[in-house]
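Me: I am a first-year student, and I would like to go through one protein model slowly, with a reason given for each answer. Could we begin once the sequence and the structure are in view?

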Amino acid sequence: MARRSMVAGNWKSNGSQQSNQQLLVELSELDQSALRCTVVICPPSIYLSTAKEQLPSAVKLGAQNVSAFEQGAYTGEVSADMLRDTGCDYAIVGHSERRQLFNEQDADVATKALRLLEHSITPIVCVGETLSERQQGDSIAVVLAQLNALLNTLNSEQLAQIVVAYEPIWAIGTGETASPEQAQAVHASIREWFRKQVGAAADQITILYGGSVKSSNATELFAQADIDGGLIGGASLNAQEFYKICNAAG
Ligand code: PGA
């Protein structure tokens, strides 16, 4: 069975009620029937409910983060069951911005992924190296160490349900994209890692690439054997551009 490709738009902490609604209107005006991949939109959490009402039915809703705790006395946190309640099918965890700016550790990322799975939400687990780690030739080692950290928390059945997004930190929001060959080399190592953990189910794991994906480079990236689509930041804020990227994922 061929893997289904996926394109997820990460709106990050951008926009307003009005501009996000406008973006949703523009997205729903585009021909959804032509899309062959799973499309996910991840708005800021405050706008999830409105987005759920406005999204075309073919487009899935995702969150950008989740609490590591179940609901309770955790001021400011949004729990996995609340995300499920709001209609989320996906949630990003361990984005490099959360790791770097909010000090999220590998163990936090693993716990968050577990919380999501417990509530039938697919975690999109982000991994990726810094520029200096790449320059030292450590890209694959760094990414595999981030994945290994999941093993303390998730069993192999749970691992087989996650989506991974390889996002080299030096490529995020910089306009500099990993070349298709650079990205494919890391993606192939990620799939090999999964083969050791989950056997043949590794062939069904969705591995996304993220980092300055645009309609002009998406086709070449998505054509690589182990790149199953993209996690899109800046370009997901423009409906036409995002739609073109979705169309590049077959
Ligand atoms: P970018 O962001 O597409 O703007 O580089 C990707 C991401 O952070 O998920």
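Me: How many Å is an oxygen atom of the ligand from a polar backbone atom of Gly173?
Reply: Before the value, please note that this is a predicted model, in which local features need pLDDT of at least 70 and side-chain atom pairs count only at pLDDT 80 or more, while totals for chains, interfaces and linings use all residues. Residues are numbered from 1 along each chain as its sequence is written, and side-chain values use heavy atoms, with hydrogens and water left out. A polar contact is a pair of N or O atoms within 3.5 Å (within protein, one must be able to donate a hydrogen and the other to accept it, and residues adjacent in sequence count only if both atoms are side-chain atoms). For the ligand oxygen and the polar backbone atom of Gly173, the distance is 2.7 Å.

Me: How much of the ligand's area does the protein bury?
Reply: Accessible areas here come from the Shrake-Rupley method with a 1.4 Å probe, and for residues only the protein chains shown count as cover. The ligand taken alone exposes 280 Å², and of that area the protein buries 95%.

Me: Which residue has a polar side-chain atom 2.6 Å from an oxygen atom of the ligand?
Reply: The shell holds 13 residues, with Lys12, His95, Glu167, Gly173 and Ser212 as the closest, where a residue is near a molecule or strand if one of its heavy atoms lies within 4 Å of it. In the side chain of Glu167, an N or O atom is 2.7 Å from a ligand oxygen. The polar side-chain atom at 2.6 Å from an oxygen of the ligand belongs to His95.

Me: How many residues of the shell around the ligand are charged?
Reply: In this count Ala, Val, Leu, Ile, Met, Phe, Trp, Tyr, Cys and Pro are nonpolar, Asp, Glu, Lys and Arg are charged, and the others, Gly among them, are polar. The shell divides into four nonpolar and seven polar residues, and the number of charged ones is two.

Me: What closed arrangement do the eight strands form?
Reply: Strands (E, at least two residues) and helices (H or I, at least four) are DSSP runs numbered from the N terminus, and two strands pair if DSSP finds at least two bridges between them. Strands of a sheet pair through backbone hydrogen bonds, either parallel or antiparallel. Here the order S1-S2-S3-S4-S5-S6-S7-S8, with parallel pairing, makes a closed barrel.

Me: Which residue of S8 does Met6 stand opposite?
Reply: S1 and S8 are joined in the parallel sense by four bridges, and S8 covers residues 229–232. On the other side of the pairing list, S7 (residues 207–210) and S8 also run parallel, over two bridges, with Tyr209 opposite Gly230. The partner of Met6 in S8 is Gly229.

Me: Why is strand S2 described as largely enclosed by the rest of the structure?
Reply: Buried means under 20% relative accessible area, exposed means over 50%, and partly exposed lies in between (1.4 Å probe, protein chains only). Thr38, Val40 and Cys42 point one way from S2, whereas Val39 and Ile41 point the other way, and all are buried. S2 is therefore largely enclosed, because the number of its five residues that are buried is five.

Me: Which residue of S6 does Val125 stand opposite?
Reply: S5 and S6 (residues 163–166) run parallel and are joined by four bridges, and one facing pair is Cys126 with Ala165. S6 is covered on both faces, with Val163 and Ala165 buried on one side and Val164 and Tyr166 buried on the other. Three bridges also join S6 to S7, and the residue of S6 opposite Val125 is Val164.

Me: Is Asn103 buried or exposed?
Reply: Asn103 lies in the loop between helix H4 (96–101) and helix H5 (106–118), and its phi is positive, about 60 degrees, although it is not a glycine. With a relative accessible area of 54%, Asn103 is exposed.

Me: Is Tyr243 buried or exposed?
Reply: Tyr243 is found in helix H11 (residues 239–248), and its C-alpha is 11 Å from that of Glu29, although the two are 214 residues apart in sequence. Its relative accessible area is 15%, so Tyr243 is buried.
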